[in-house]
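Here are some notes on this model, set out as numbered points for you to read alongside the coordinates. They take up the sheet, then the pocket, and then two individual residues.

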Amino acid sequence: MLENETELVERLRERGFAEFIPEAHPLAEQIRVFSQARIIVSPGGANLFPALFARRAELVVDIEAMPDWLFAHTNLLSSSGCAFTVARGVPGPR
């Protein structure tokens with residue numbers, strides 16, 4: 001969980017974004033939603049997988065708190081064909 005996740009979601013919502021939680025939907029619905037998305041903002045992890053179907057997306061923003069999976073996530077996004085960027089966060093106390 002991101003430290004300021006609620007604030008981030010609210011700010012994005014004010015700018016016309018809708019929150020979508022992939023694991024709460026069947027795979028076919030995830031593919032449908034992501035295939036229509038123009039901009040995707042997501043914490044790094046399994047939630048990035050449906051971005052492979054975001055062929056119309058103008059930008060995918062990957063929020064990474066730790067460098068552990070950065071290589072894998074950037075490779076995944078590179079294979080999607082979408083423009084993407086990574087926002088690197090700072091890990092908090094565990």
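1. How many bridges join strand 1 to strand 2? In this structure, which is a predicted model, five bridges join strand 1 to strand 2, and these two strands run parallel. Within this pairing, S42 stands opposite D62, a residue of strand 2.

2. Taken as a whole, the sheet is an open one, formed by three strands in the order 1-2-3 with parallel pairing. Strand 1 and strand 3 each have a single partner strand and stand at the edges, so one side of each is left without a neighbour in the sheet. From one strand to the next, the twist averages 15°. As general background, the strands of a sheet pair through backbone hydrogen bonds, in either a parallel or an antiparallel manner.

3. The largest pocket holds about 1,400 Å³ of space, and its lining is made up of 45 residues. Those that lie nearest the centre of the largest pocket are L2, V41, S42, P43 and I63; S42 is thus a residue to view both here and in the strand pairing described above, where D62 stands opposite.

4. Which elements give two or more residues to the lining of the largest pocket? They are helix 1 (5-14), helix 2 (27-36), strand 1 (39-43), strand 2 (59-64) and strand 3 (84-88), and the largest share, six residues, comes from helix 1. When the lining of the largest pocket is sorted by class, it has 25 nonpolar, nine polar and 11 charged residues, a breakdown that may be worth having at hand when the pocket is inspected.

5. Is S80 buried or exposed? This serine, which is found in helix 3 (residues 70-80), has a relative accessibility of 2% and therefore counts as buried, the cut-off being under 20%. If residues up to four places away in sequence are not counted, S80 touches A51, L52 and R55.

6. G45, by contrast in setting, lies in the loop between strand 1 and strand 2. Its relative accessible area is 23%, so G45 is classed as partly exposed, given that buried means under 20% and exposed means over 50%. As for its position relative to helix 1 (5-14), G45 and R11 are 34 residues apart in sequence, and their C-alpha atoms are 22 Å apart in space.

Terms used:
Residues numbered from 1 in each chain as written. Predicted model: local features only at pLDDT ≥ 70, side-chain atom pairs only at ≥ 80, totals over all residues. Heavy atoms only, no water. 1 Å grid on protein atoms, 1.4 Å probe; cavity = no way out; pocket = protein on both sides within 12 Å on 5 of 7 lines; lining within 4 Å. Points joined across faces, edges and corners; volume = space filled by probe spheres on them. Helix = DSSP H or I, 4+ residues; strand = E, 2+ residues; numbered from the N terminus. Nonpolar A, V, L, I, M, F, W, Y, C, P; charged D, E, K, R; others polar. Pairing = 2+ DSSP bridges. Axes fitted to C-alpha atoms, helices over the stretch in contact; angles between N-to-C directions. Buried < 20%, exposed > 50% of the residue type's maximum accessible area, 1.4 Å probe, protein only. Contact = heavy atoms within 4.5 Å.
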